[in-house]
Amino acid sequence: MTLHSVLGNSEQNSESSVDVENCADMNWDELGFSPVPTDFMYVMKCAKGDEFSQGSLVPYGKIEFSPFATILNYGQGIFEGLKAYRTEDGRILLFRPEENARRMKIGADRLCMPSPSVDQFVTAVKQTAVANKRWVPPLGKGSLYIRPLLMGTGASLDVAPSPEYTLLIYCCPVTNYHKGSLNLKVESKFYRAISGTGGTGGIKSVTNYAPVYAATTAAKADGFSDVLFLDSATGKNIEEVAACNVFVVKGNSICTPETNGAILPGITRKSIIDIALDLGYQVMERAISVEEMLDADEVFCTGTAVVVNSVSSVTYKETRVEFKTGPETLSQKLRKTLVGIQTGCIEDTRGWTIRID
Ligand SMILES: *Cc1c(COP(=O)(O)O)cnc(C)c1O
């Protein structure tokens with residue numbers, strides 16, 4: 001993993017600016033997207049019917065709960081994902097954590113769980129990041145991925161809400177989720193989510209992820225990077241990739257499927273829409289058929305893990321279509337702007353970043 005591939009060739013970040021003094025002693029050039037144990041994690045518990053009140057940092061390590069826990073048996077759990085970035089002068093920034101807090105609350109309501117308040121969530125995330133500050137990679141080497149988990153940890157044999165809940169926040173230094181641009185396969189057998197507002201596709205329920213493995217494992221065995229899912233009602237419109245949103249570009253207009261209950265409302269998606277509008281592009285949220293996508297100039301994905309990533313090809317049944325990639329693409333321009341804001345290299349005029357050091 002080179003510096004350039006991490007930051008999408010952003011010139012502002014040269015090797016010389018890397019501040020390694022305050023970082024953990026590890027080879028930052030070998031960072032990937034896999035578990036790295038850090039120093040602390042955050043735990044806050046709450047009984048059913050109560051509100052979350054007091055949490056604390058504990059040493060990072062194994063967690064213990066009853067075999068009857070509802071997260072294990074019935075999937076009563078949701079997660080979040082956000083990143084802390086180190087700036088050129090060594091400050092640490094969080095990107096829009098209150099958005100994750102609000103999304104967690106919506107997911108918690110759907111799964112009948114109490115949720116921390118926005119303030120509690122943001123404070124807990126900040127404490128976790130600060131306590132693990134030495135694991136925030138130097139600028140250009142990656143970021144600290146923060147994973148809040150809200151889960152039913154009380155014992156219940158009934159198919160019913162848990163008597164106890166735990167907010168657990170842990171973190172891990174990461175670089176890019178995907179290496180290079182993506183070759184996507186359109187999945188026509190399995191669906192990620194139920195169409196419409198009746199399902200759980202719109203929340204980060206832990207139950208939404210293992211069901212995509214059948215499709216992604218088969219696609220990866222065939223050399224694809226990931227799978228693009230279609231809507232389960234008609235099988236005609238694109239929805240999203242297993243864990244990131246999708247955009248198509250044609251001329252000066254950018255389209256992305258509207259969040260209609262089956263699509264996860266990504267915070268990166270929302271941020272990219274705002275950045276694109278500010279740059280003068282037309283952005284539309286609406287249904288996009290596979291055919292329309294195959295006719296696009298450019299296709300890209302967004303998500304906290306992937307940031308913004310170009311799609312180099314999409315394969316639908318027997319048809320493979322290639323798209324524009326590289327430094328001249330709109331997706332790279334959007335990526336540079338977003339990463340610039342996240343790392344404090346570009347002025348944040350929207351109040352998206354929070355300084356935590
Ligand atoms: C988390 C997630 C995304 C991206 O959301 P961000 O807030 O941008 O990280 C997109 N799709 C799915 C299914 C996800 O779980």
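Trainee: Which word fits Lys141, buried or exposed, and what makes it so?

Mentor: Buried means under 20% relative accessible area, exposed means over 50%, and partly exposed lies in between, with a 1.4 Å probe and protein chains only. Lys141 has a relative accessible area of 8%, so Lys141 is buried. This is a predicted model, in which local features need pLDDT of at least 70 and side-chain atom pairs count only at pLDDT 80 or more, while totals for chains, interfaces and linings use all residues. Residues are numbered from 1 along each chain as its sequence is written, and side-chain values use heavy atoms, with hydrogens and water left out.

Trainee: How do you know that Asp29 forms a salt bridge with Lys141?

Mentor: A salt bridge needs a side-chain nitrogen of Lys or Arg within 4 Å of a carboxyl oxygen of Asp or Glu. The closest N and O atoms of Asp29 and Lys141 are 2.6 Å apart, which meets that rule. Asp29 is in the loop between helix 1 (3-7) and strand 1 (40-47), and Lys141 is in the loop between helix 4 (118-131) and strand 6, so the salt bridge ties together parts 112 residues apart in sequence. Helices (H or I, at least four residues) and strands (E, at least two) are DSSP runs, numbered from the N terminus. Asp29 has 39% relative accessibility and so counts as partly exposed.

Trainee: What makes Asp39 and Arg134 a salt bridge, and where do they lie?

Mentor: Their side chains meet at 2.8 Å, N to O. Asp39 is in the loop between helix 1 and strand 1, and Arg134 is in the loop between helix 4 and strand 6, 95 residues apart. Asp39 has a relative accessible area of 23%, so it is partly exposed. Arg134 also counts as partly exposed, at 37%.

Trainee: How many salt bridges does the structure hold?

Mentor: The structure holds 16 salt bridges. One of them joins the side chains of Lys270 and Glu99, at 2.8 Å from N to O. Lys270 lies in helix 6 (residues 267-278) and Glu99 in helix 3 (residues 97-110), so the pair ties together parts 171 residues apart in sequence. Lys270 is partly exposed at 36%, whereas Glu99 counts as buried at 12%. Salt bridges that share partners join Arg96, Glu99, Arg102 and Lys270 into one network.

Trainee: What makes two rings an aromatic pair, and how many aromatic pairs are there?

Mentor: Rings of Phe, Tyr and Trp (its six-membered ring) pair if their centres lie within 6.5 Å; planes under 30 degrees apart count as stacked, over 60 as edge-to-face, and the rest as tilted. The count comes to 4 aromatic pairs.

Trainee: Why is the pair of Phe95 and Trp352 called edge-to-face?

Mentor: The centres are 5.7 Å apart and the planes are at 85 degrees, which is over the limit of the definition, so the pair is edge-to-face. Phe95 is in strand 5 (residues 92-95) and Trp352 in the loop between helix 8 (330-342) and strand 17 (353-355), 257 residues apart. Phe95 is buried at 8%, and Trp352 is buried at 4%.

Trainee: Why is the pair of Phe247 and Phe300 called stacked?

Mentor: The angle between the planes is 5 degrees and the centres are 4.9 Å apart, so both values meet the rule for a stacked pair. Phe247 is in strand 11 (residues 244-250) and Phe300 in strand 14 (residues 298-303), 53 residues apart. Phe247 counts as buried at 0% relative accessibility, and Phe300 counts as buried at 0% too.

Trainee: How do you know that Arg350 lies over the face of Trp352?

Mentor: A charge sits over a ring if NZ of Lys or CZ of Arg is within 6 Å of the ring centre and within 35 degrees of the ring normal. Arg350 is at 4.5 Å from the ring centre of Trp352, and it lies over the face.

Trainee: Why is strand 6 called largely enclosed?

Mentor: Strand 6 (residues 143-152) has 9 of its 10 residues buried, so it is largely enclosed by the rest of the structure.

Trainee: What makes strand 6 and strand 7 a pair?

Mentor: Two strands pair if DSSP finds at least two bridges between them. Strand 6 and strand 7 (residues 164-174) have 10 bridges in the antiparallel sense, and Ile146 has Cys171 in strand 7 as its bridge partner.
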